[in-house]
Structures are given as C-alpha cells and as structure tokens.
Amino acid sequence: MTTVPVVGTVALVVFAILRLTPGDPAAIIAGDSATTEQLEQIRVHLGLDKPMHVQFFLWLLQILRGDLGVSLISGVPVSGMILDRMGPTLALSTTIILFSVIVAIPLGVIAAWRQGTVLDRSVTAFSVLGFSVPVFVNGYLLILLFSISLGWLPVQGYKPLTDGFLPFFVRLILPTLALSTAYIALIARITRTSILEVMGEDYIRTARAKGLKENAVLLRHALRNAAVPIVTIIGVGIAHLIGGVVVTESVFNLPGLGRLVVEAVLARDYPVIQGLILLFSFVNILINLLVDVIYTVIDPRIRY
Amino acid sequence: MTGKVEEPLAPSAFGHLRRTLTSAPVLIALTILGIAILIALLAPFLGTGDPIAIHPGERLKRVSGAHWLGTDAFGRDVYSRVMYGARISLLVGLGAALASVTLGLFIGVIAGYFRMLDSIVMRVMDGIMAIPGILLAIALVTVSGASLMTVVVAITIPEIPRVVRLVRSVILTIRDEPYVEAAIALGTPSPALLLRHMVPNTVAPLMVQGTFVFASAMLTEAAMSFLGVGLPPEFPSWGNIMAEGRIYFQLLPGLILYAGLFLALTVLSVNVVGDAMRDALDPRMARKL
C-alpha cells in the first residue's frame, strides 16, 4: 500500500523541520543558569547525543507507541492536551462537512440542470466569490451582521454539548457558516462541472428516451456517475478545511486544536506543534483513504 | 452568457481565447487586477502618508478628510497602510507563484522523464501534500524566523507538489507521442528534447496553475499574518492590518473590513482570470461551460 511511504515521508518532514530549529533544546529546558555538565546530562537524557538517523527511529517508535512527547511549557503530555481540546474542533469540523455537503451537492446539481440560467450564473458567481473571500473576513462580516447589528447570536465562545444542546449549537452557527462558504463553493462547482460532463453521455440520452422523468435521470444516473470527482474534492478539501479551522477557531475564540496550534507556535512549544501536525496530517491521509474506499462502493469498476 | 453572440464553433483556439478573455466578468476582473497593480506600484503617489508613522494623538479615528479610512490603534493612517499593503500582498503572491511554478517544473520534469526517480519523487510530494498547507507554512516560518523571504518560501513549498503532478502528467503523456520517438531516433540529446518538445507543452497549464497559486498565496499570507505567525508586524501587509484591527473590531470594524475588502477583491479577480484562462486553454474547447 502506498500509504506507508506517505506516512513515513510526513514523519520525516515533521522530524526534519523540528530538528532544524535554531537553539539548543537542552538549553531551552535547562534555563540560563545551567552548567555545561547539566546541559550535557539533559542532552543525553533527551537522546540528542545520538546520530540523526538513530534519533529519527527512536522518535518514530515513540510516536507509534502513542507517546507524542511532553509540552515544553507546561510539562503536560501532548496526547493529553490533544484529547482535552479535541471537542470543539471535532464539533466544528463535523458540522461543517455535513452542512457543506448537504448544501453544495443539490446546489451544484440544480446549477447543472438549469445551465445558462440566472440560477446557474449566480451559483457559479457565488462559487468563485466563496473561495476568494478569506475565512476570517467572512467570519467578521457574519459577526458584524448577526451578533453586533442584529444581536441574534453570541459573538464568540464555545459551550460543550454537556451544557445543553441549544447553547452548544447556537455558538457553532456562525463559525460553521464562515468556513462552510469556501467548502460549499468548491463542492458545488465540481458537482456542477461533473454533472454537466456526464449529461452528454449516451446513457443519459437512453434514459430520457426510455421516458424517465428528468428527476430520475438526474438523480439515479447522472449523479451516481458524476460522484467520483465530487467525492474526490471532498477528500482533497479536508486539508483546506483543517487550515480553515485553525483560523476560524481563532476568530470565534473556540478552545480547540486549531487555537492550540497558534498558541503552541507563539510559545515555541515544539513538541505540541509537532504532535498537532502529525495528527492533522494523519487525519488528512485517513480521510483520503476513506475516499478511496468509497470509490469502490460508488463505482464498481474501480478495484484495487 | 449575456452579450455573447452564439457563433458556430470557431475551430481556431485564438478565437476561443479572445472570446473568453473579453467577456464581461473577465474584463472587470482584469481591470480590478490592473488597479491593484497600479496601487502597489504607485502607492507613494496616491495621497498617502507614511504607513508606519504613529500619531498617538489621533488613535482610532473614523473616516475623515485627513484620514480617508480613519486611523488605527497607534494613530497610523489606515488608508496609507492599505495602499502600501497592496505591495506586500502582491509581492508575496507573485513570489510564491513564480517560485512554485519554477521549482515544480524542474522537479516535475525530473519525475516525468527519469523513470527511476519517479516513484521516490512522487512519494515525497505525496508526503508534503498530506500536511495541510497552512500548517506546513506556519511550521517552516516558526523554524526559520519570520521575514519576507521565509514567509514566501514557506508558502511556496506546500504549493509545489500540485505543480509537480501537473508537469509530470504532461510529460508522461507526451513521452509516448510519435514526434518524441522521432526526435529520439534522430539522436536529439535529452536536454534539447526536453526543452524543445516537452516543456513548451507545460506552459499553458503552468500559467493557469500559477494564477491559482498567486491567489492562494495571498490568502495564506493573510491568514498567517492574521494569526500572528506570518510576516513580522513592521510590514503593513493586509493580513497584519487585519490582525492589529481584531481587538477593536466592535469599535471600528473598518480596521479589519477595509483591508479585507481589498484582499477579497484582488483574490477574486485573480481567480476569475485564472478560471477564464483555464477555460480558454482547455483542449475540450467544444464544451459550453
């Protein structure tokens, strides 16, 4: 399977980046008043005296055992920090993916169906607009409109599900809208293009000739055959989504993993940065693997 | 499309290109882009003051005759900052686009032409693509310190794999063409073969991809600066302007929204032009998109 080398490369890249940091990790931990012997001790303890490739394999084994290291700032295990702050990120991401897919695909289908009309033109225009406006500008515009001017929704903050569904949900509305726009724009557009391509095929003509209602033609034949590129873009879009989540959590003050990345970067907390990059990359790879599996379900001709 | 006359399919690529590039949205986009470039080039002459000059007595003022877009938390003239900001954003966009296209072309040609290096290069590219772009860029900037150069490089690197894939697929397709075979049979040395026959075929897709990288780079820089992990604060990039305006959003939303508007319009124009170019250069020209 090609996934293993990919994961390996990611690990290598992450490891390389973080070993390239200027400054001696031992000195950072020990502080200014450490003696040379103390620094040497810490180096040995951290395994920094061994050759690079040995360090890499030891680190890899450590990661595979689930030990992502310990925060330089708080001394708390990184994996623990991740588990603690996963909630908001998970909630936001799931809501966004569901919302975007549910809105975008019908939008794309309708645009393709009514090609050339005002509806189609507006969907296309909205698509380009959607991924040109930066997420945070979107976010602030929404806040301006719905929180400040209309006062309908709270400005920022997050309440976990345990505090009740409504408070939880209400605080997710604006962040979801802010980030979904880009994702919806992407998906709707590919859906439209993909369906348009499929509509020219012979079997569509046959279906119509058979007397099938246009609805059935669209849904049963066109959509199923157009599904592959659509599913692909949902998978590819995940990487952008992750980036977007980092920004969105910052705008709306959601205490999730995205905000954690920013905090860790500003504090130069390398183990945390490292752990988060590994986690996000891994999730990205996993979801794209899932997409590959879904292909075989949608299109029986695809076999691995 | 409104205003477009339905002609019988013109077989010439040039005709199609011309029709696409002169349609209304594209012309508007090119105008906006032109204005953005002019702003960037002529910033000092547009009635701007010093973008980094602090006027502590005039902090957080609204739009006025003296300050066309108001002032920020340090009393700096927002209009001047936004105008100068155009330079930085466009520079970053251009830098990243050119760098990614050049490097991507180089690596893609190697992967496509030298079979033995293909798998390993593509695995590395897949690995880089697996890391979400902005995270990789942030990590790279964290490691090498923030400066204009490091930010541009950090933004370029995640964009390279897609360009490599593009170039590689073009090369792989052409590799088996009869004229390539003929050239090889005639004893054409590899470099000439590459340069004269293969690379020219990559130009069109690269131009399209380049415009998308341009747009993406501007957005990424803005996002990074907004989060505080991009360009150092002394650069009045649109992202930095917005970052500084965050705390005062409820008081003066303009601090974020003016720069945001300019950024959105510029990125939008680049995307529209990129789309038009892609439609125009697409070999499946008969499609009525």
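**Entry 1: the overall build**

How many helices and how many strands does the secondary structure of chain A come to? I started there, and I found 12 helices and zero strands in chain A. I kept in mind throughout that this is a predicted model. Reading from the N terminus, I wrote down the order of elements in chain A as α-α-α-α-α-α-α-α-α-α-α-α.

Then I turned to chain B. I found 10 helices and zero strands there, and from the N terminus on they run α-α-α-α-α-α-α-α-α-α.

I looked up burial next. In chain A, 37% of the 304 residues count as buried, while in chain B buried residues make up 45% of the 289.

I also checked how far along the sequence the contacts reach. Taking contacts in chain A between residues at least 6 apart in sequence, I noted that 70% join residues at least 24 apart. For chain B, with the cut again at residues at least 6 apart, the share joining residues at least 24 apart is 69%.

**Entry 2: how confident is the predictor?**

For the complex, I copied down an ipTM of 0.84 and a pTM of 0.86 from the predictor.

Chain A has a mean pLDDT of 81, with 89% of its residues at 70 or more. I asked myself which element of chain A has the lowest mean pLDDT and which the highest. Helix α2 (residues 25-30) of chain A has the lowest, at 59, and α11(A) has the highest, at 90.

Chain B has a mean pLDDT of 83, and 90% of its residues reach 70 or more. Among its elements, helix α1 (residues 13-21) of chain B has the lowest mean, 62, and α6(B) the highest, 91. I put a flag on residues 284-289 of chain B, where pLDDT stays under 50. For that stretch the model has four contacts beyond four places in sequence.

**Entry 3: where the chains touch**

I counted 34 residues of chain A in contact with 38 residues of chain B. Which elements give two or more residues to the chain A side? My list reads α1 (3-19), α6 (118-130), α7 (135-149), α10 (214-252), α11 (257-266) and α12 (270-298) of chain A. By class, I sorted the residues on this side into 27 nonpolar, seven polar and no charged.

**Entry 4: α11 against α12 in chain A**

Both of these helices were on my interface list, and I wanted to see how they pack against each other. I read an angle of about 145° between α11(A) and α12(A), with their axes 8 Å apart. Their crossing is left-handed. From α11(A), I noted Leu257(A), Leu260(A), Val261(A), Ala264(A) and Val265(A), which meet Val272(A), Ile273(A) and Leu276(A) in α12(A). This contact has eight nonpolar residues, no polar and no charged ones.

**Entry 5: a covered helix and a bare one**

In chain B, I followed helix α10 (residues 254-281), which has 28 residues. I got 40 Å from its first C-alpha to its last, close to the 40 Å expected at 1.5 Å a residue. Is α10(B) mostly covered or hardly covered? I found it mostly covered, with 21 of its 28 residues buried.

In chain A, I looked at helix α9 (residues 202-209), which is hardly covered: zero of its eight residues are buried. Just after α9(A), I spotted Gly211(A) with a positive phi of about 100°.

**Entry 6: three single residues**

I looked up Ile105(A) in helix α5 (residues 78-113) of chain A. Why does Ile105(A) count as buried? It has 22 C-beta neighbours inside 10 Å, and 20 or more are enough to count as buried. Leaving aside neighbours within four places in sequence, I listed its contacts as Ile187(A), Thr191(A) and Ile230(A). Leu61(A) is 44 residues away from Ile105(A) along the chain, and their C-alpha atoms are separated by 42 Å.

Next I went to Ala11(A), which sits in helix α1 of chain A. Ala11(A) is partly exposed, because 19 other C-beta atoms lie within 10 Å. Between the C-alpha atoms of Ala11(A) and Gln274(A), 263 residues apart along the chain, I read 9.5 Å.

My last stop was Arg175(B), in helix α6 (residues 148-175) of chain B. I found Arg175(B) partly exposed, with 16 other C-beta atoms within 10 Å. Tyr113(B) is 62 residues from Arg175(B) along the chain, yet their C-alpha atoms are separated by 7.8 Å.

Terms used: Residues numbered from 1 in each chain as written. Chains lettered and ligands numbered in written order. Predicted model: local features only at pLDDT ≥ 70, side-chain atom pairs only at ≥ 80, totals over all residues. Contact = placed C-beta atoms within 7 Å. Helix = DSSP H or I, 4+ residues; strand = E, 2+ residues; numbered from the N terminus. Nonpolar A, V, L, I, M, F, W, Y, C, P; charged D, E, K, R; others polar. Axes fitted to C-alpha atoms, helices over the stretch in contact; angles between N-to-C directions. Left-handed = near helix turned anticlockwise from the far one by under 90°. Expected span 1.5 Å × (residues − 1). Buried ≥ 20, exposed ≤ 12 C-beta atoms within 10 Å, placed from the backbone. pLDDT = per-residue confidence, 0-100.
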